[in-house]
Amino acid sequence: MNRTVATRERCDVITNQVKERFCFISHYSAVSLLVAPKFQEYEKKFPTQILDQTTEVYSMLQKDRLKTELGVIYRRSDFRKMAGAISLLQFIIENNLQTAFSETYKLLLIIVTIPMTTAQAERCFSTLKRVKTFLRSTMSENRLSALAMLLI
């Protein structure tokens, strides 16, 4: 009986940790707004639910303006040729459309700069752990930072 309780407690701990780790996945929906192969589908039926989730996560975006801009992007054939968020951002910058598509531009900057996973940050910390071993625990902050930058 004790084993069953202990196992259940371990499972609860693991479940809670997984939920905590993957609780912030709503930013993935923002990416799906700007997937060029779906533009034709979105032109016919606008993804209102995804837009709502996106503007809820990124409250600095103006929902109505973003909806209008995305509607234009979905209708235009030159935007449908884009391979992804980076190429769409480059297209907007190259054609000086930052003011015309200001909310889309903000959203693209967010998507391009925020990593989708925490793997890169975790790699940095594991690198730091390798650098600062027990033998080097008296290392100064400047030297530790310099070594970490070299390894990362």
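Asn96 is exposed, with a relative accessibility of 62%, and in this predicted model the residue is found in the loop between helix H6 (85–94) and H7. Although Asn96 is not a glycine, its phi is positive, at about 55°. The protein around this loop has a secondary structure of nine helices and zero strands, and buried residues make up 28% of its 152 residues.

**Overall architecture**

- Read from the N terminus on, the elements of the protein follow the order α-α-α-α-α-α-α-α-α, in keeping with the count of nine helices and zero strands.
- Among contacts between residues at least 6 apart in sequence, 58% join residues that are at least 24 apart.

**Packing of H5 and H7**

- Helix H5, which covers residues 63–75, packs with helix H7, which covers residues 102–113, at an angle of about 90° and with the two axes 7 Å apart.
- Because angles from 65 to 115 degrees count as roughly perpendicular, H5 is described as roughly perpendicular to H7.
- On the H5 side the residues in contact are Arg65, Leu66, Glu69, Leu70 and Ile73, and on the H7 side they meet Ser102, Glu103, Thr104 and Leu107.
- Sorted by class, the contact of H5 with H7 has four nonpolar, two polar and three charged residues.

**Aromatic pairs and the cluster**

- The structure holds five aromatic pairs, and a pair of this kind is described by the distance of the ring centres and the angle of the planes.
- For Phe39 and Tyr74, the ring centres lie 5.1 Å apart and the planes meet at 45°, so this pair is tilted.
- This pair links distant parts of the chain, since Phe39 is in helix H3 (residues 39–44) and Tyr74 is in helix H5, with their positions 35 residues apart in sequence.
- Both Phe39 and Tyr74 are buried, and Tyr74 counts as buried because its relative accessibility is 1%, where the cut-off is under 20%.
- Tyr42 and Tyr74 form a tilted aromatic pair as well, with 5.3 Å from centre to centre and 55° between the planes.
- Because Tyr42 lies in helix H3 and Tyr74 in helix H5, their pair ties together parts that are 32 residues apart in sequence.
- Tyr42 is itself buried, with a relative accessible area of 5%.
- Phe39, Tyr42, Phe46 and Tyr74 form one aromatic cluster, in which Phe39 and Tyr42 belong to helix H3 and Tyr74 belongs to helix H5.
- At Phe46, a member of this cluster, the charged end of Lys67 sits over the ring, 5.4 Å from its centre.

**Surroundings of Thr54**

- Thr54 has its place in helix H4, which covers residues 48–57, and with a relative accessibility of 1% Thr54 counts as buried.
- Leaving aside residues up to four places away in sequence, Thr54 touches Ser29, Ala30, Leu33, Leu61 and Leu107.
- Leu107, one of the residues that Thr54 touches, is also among the H7 residues that meet H5.

Definitions and conventions. Residues are numbered from 1 along each chain as its sequence is written. This is a predicted model: local features need pLDDT of at least 70, side-chain atom pairs count only at pLDDT 80 or more; totals for chains, interfaces and linings use all residues. Side-chain values use heavy atoms; hydrogens and water are left out. Axes are lines fitted to C-alpha atoms, for helices over the stretch in contact, and angles run from 0 to 180 degrees between N-to-C directions. Helices (H or I, at least four residues) and strands (E, at least two) are DSSP runs, numbered from the N terminus. Angles under 35 degrees count as roughly parallel, over 145 as roughly antiparallel, 65 to 115 as roughly perpendicular and the rest as oblique. Contact means heavy atoms within 4.5 Å. Ala, Val, Leu, Ile, Met, Phe, Trp, Tyr, Cys and Pro count as nonpolar, Asp, Glu, Lys and Arg as charged, and the others, Gly among them, as polar. Rings of Phe, Tyr and Trp (its six-membered ring) pair if their centres lie within 6.5 Å; planes under 30 degrees apart count as stacked, over 60 as edge-to-face and the rest as tilted. Buried means under 20% relative accessible area, exposed over 50%, partly exposed in between (1.4 Å probe, protein chains only). A charge sits over a ring if NZ of Lys or CZ of Arg is within 6 Å of the ring centre and within 35 degrees of the ring normal.
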